[in-house]
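Trainee: I should like to learn how to read the features of a protein model. May we go through one together?

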Amino acid sequence: MAEWTVEPFGGVLGARVVDIDLRDPLANGERDELYKHLLEHLVLVFPGQSIEDDHQMELLAPWGRPYIHPIGRVAGAVEAKVERIVDDEERPPFQDKWHTDVTWDPDPPILGTLRAIEMPARGGDTLFASMYAAYDGLSETLRDRLEGVTAWHDIGPGQSFKSKAGVDLYERAKEQFPGAERPVIAVHPDTGRRFLNVNKNFTSHLVGFDRAESDAVLDYLYEHATQPNYTIRYEWSEGDVVLWDERCTQHFAVADHYPQRREMARLTVSAFA
């Protein structure tokens with residue numbers, strides 16, 4: 001029986017896992033229990049950890065394949081690694097938009113982790129939103145109308161990708177990964193729950209709608225999905241690890257710390273083939 005405990009801290013998502021050391025391997029039963037809590041709370045926080053990259057890899061290994069971002073694949077990467085996201089005066093933040101990671105990849109991440117390596121004196125929080133709650137908050141009429149509707153997701157204008165990876169890699173990734181068509185109302189494979197499946201950063205348009213109709217509906221859904229009632233805001237401390245379900249959440253990295261330095265270690269996994 002696991003000796004750690006789970007303490008919910010948000011109204012619709014978010015829980016802290018305390019009295020756990022992620023340097024210690026988890027037994028199969030403990031991993032199963034942890035995953036059940038993840039499915040329930042969507043975002044799990046592990047405060048004050050002292051882990052390295054290999055521990056972060058081991059944490060996610062049972063649940064999916066280490067994910068390589070399409071831009072990394074285009075650049076020739078063949079082996080996933082824990083990536084560093086560094087914000088400082090020379091490298092401005094670029095994650096300060098509501099999004100679900102890489103929904104334009106036909107095989108996107110299903111789980112994500114972040115580890116706080118260096119944090120600014122203040123600021124640099126991360127917000128998460130529950131797309132279960134967003135779906136539940138829609139009127140029955142709108143839920144019914146959106147059932148069966150699909151949306152096209154693509155890399156978008158990609159200013160952050162251009163600034164971080166260069167225009168050439170961005171253009172090659174856009175050509176090799178033109179996008180993916182996804183249901184607006186999706187069903188979680190493990191819980192069977194419906195969730196809202198659009199995000200402002202990567203959803204281009206609703207399939208079969210004219211552009212004006214599509215923009216109007218999507219603008220409403222973006223605003224609805226990220227209202228405060230469906231969110232939590234996490235204030236990081238160095239060493240903290242956060243694990244979240246990519247499929248039914250969105251997140252937003254607040255950029256109020258700029259130009260102070262903020263360094264995070266990120267690893268995501270995609271579904272097993």
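Mentor: We shall discuss a sheet, some aromatic rings and the cavities of this predicted model.

Trainee: Let us begin with the sheet. What holds the strands of a sheet together?

Mentor: Strands of a sheet pair through backbone hydrogen bonds, and the pairing is either parallel or antiparallel. In this structure, one open sheet has three strands in the order S13-S7-S15, paired in the antiparallel sense.

Trainee: Which strands stand at the edges of this sheet?

Mentor: Strand S13 (231–234) and S15 do; each has a single partner strand, so one side of each is left without a neighbour in the sheet. On average, neighbouring strands of the sheet are turned by 20° against each other, direction ignored.

Trainee: Over how many bridges do S7 and S13 pair?

Mentor: Strand S7, residues 126–130, pairs with S13 over four bridges. As one example of a bridge, Thr126 has Tyr234 in S13 as its partner.

Trainee: Tyr234 carries an aromatic ring. How should one read an aromatic pair?

Mentor: One reads the distance between the ring centres and the angle between the ring planes; an angle over 60 degrees counts as edge-to-face. The structure holds nine aromatic pairs. In the pair of Tyr234 and Trp236, the centres are 5.4 Å apart and the planes stand at 85°, an edge-to-face arrangement.

Trainee: Are Tyr234 and Trp236 buried or exposed?

Mentor: Both Tyr234 and Trp236 are buried. Together with Phe9, Tyr234 and Trp236 form one aromatic cluster.

Trainee: Let us turn to the cavities. How many of 30 Å³ or more are there?

Mentor: A cavity is a space where a probe fits but cannot get out. The count here is two cavities of 30 Å³ or more. The largest has a volume of about 120 Å³, and the second largest holds about 50 Å³.

Trainee: Which strands each supply at least two residues of the lining of the largest cavity?

Mentor: They are strand S15 (249–253) and strand S16 (262–270). The lining residues include Thr126, Trp244, His251, Phe252, Ala253, Arg262 and Met264. By class, the lining divides into six nonpolar, three polar and two charged residues.

Trainee: What lines the second largest cavity?

Mentor: Among its lining residues are Asp87, Pro93, Phe94, Asp96, Val254 and His257. This lining has six nonpolar, two polar and three charged residues. A comparison of the two lists is instructive: Ile85, Gln95, Ala253 and Arg262 appear in the linings of both cavities.

Terms used
Residues numbered from 1 in each chain as written. Predicted model: local features only at pLDDT ≥ 70, side-chain atom pairs only at ≥ 80, totals over all residues. Heavy atoms only, no water. 1 Å grid on protein atoms, 1.4 Å probe; cavity = no way out; pocket = protein on both sides within 12 Å on 5 of 7 lines; lining within 4 Å. Points joined across faces, edges and corners; volume = space filled by probe spheres on them. Nonpolar A, V, L, I, M, F, W, Y, C, P; charged D, E, K, R; others polar. Pairing = 2+ DSSP bridges. Axes fitted to C-alpha atoms, helices over the stretch in contact; angles between N-to-C directions. Phe/Tyr/Trp six-rings, centres within 6.5 Å; stacked < 30°, edge-to-face > 60°. Buried < 20%, exposed > 50% of the residue type's maximum accessible area, 1.4 Å probe, protein only.
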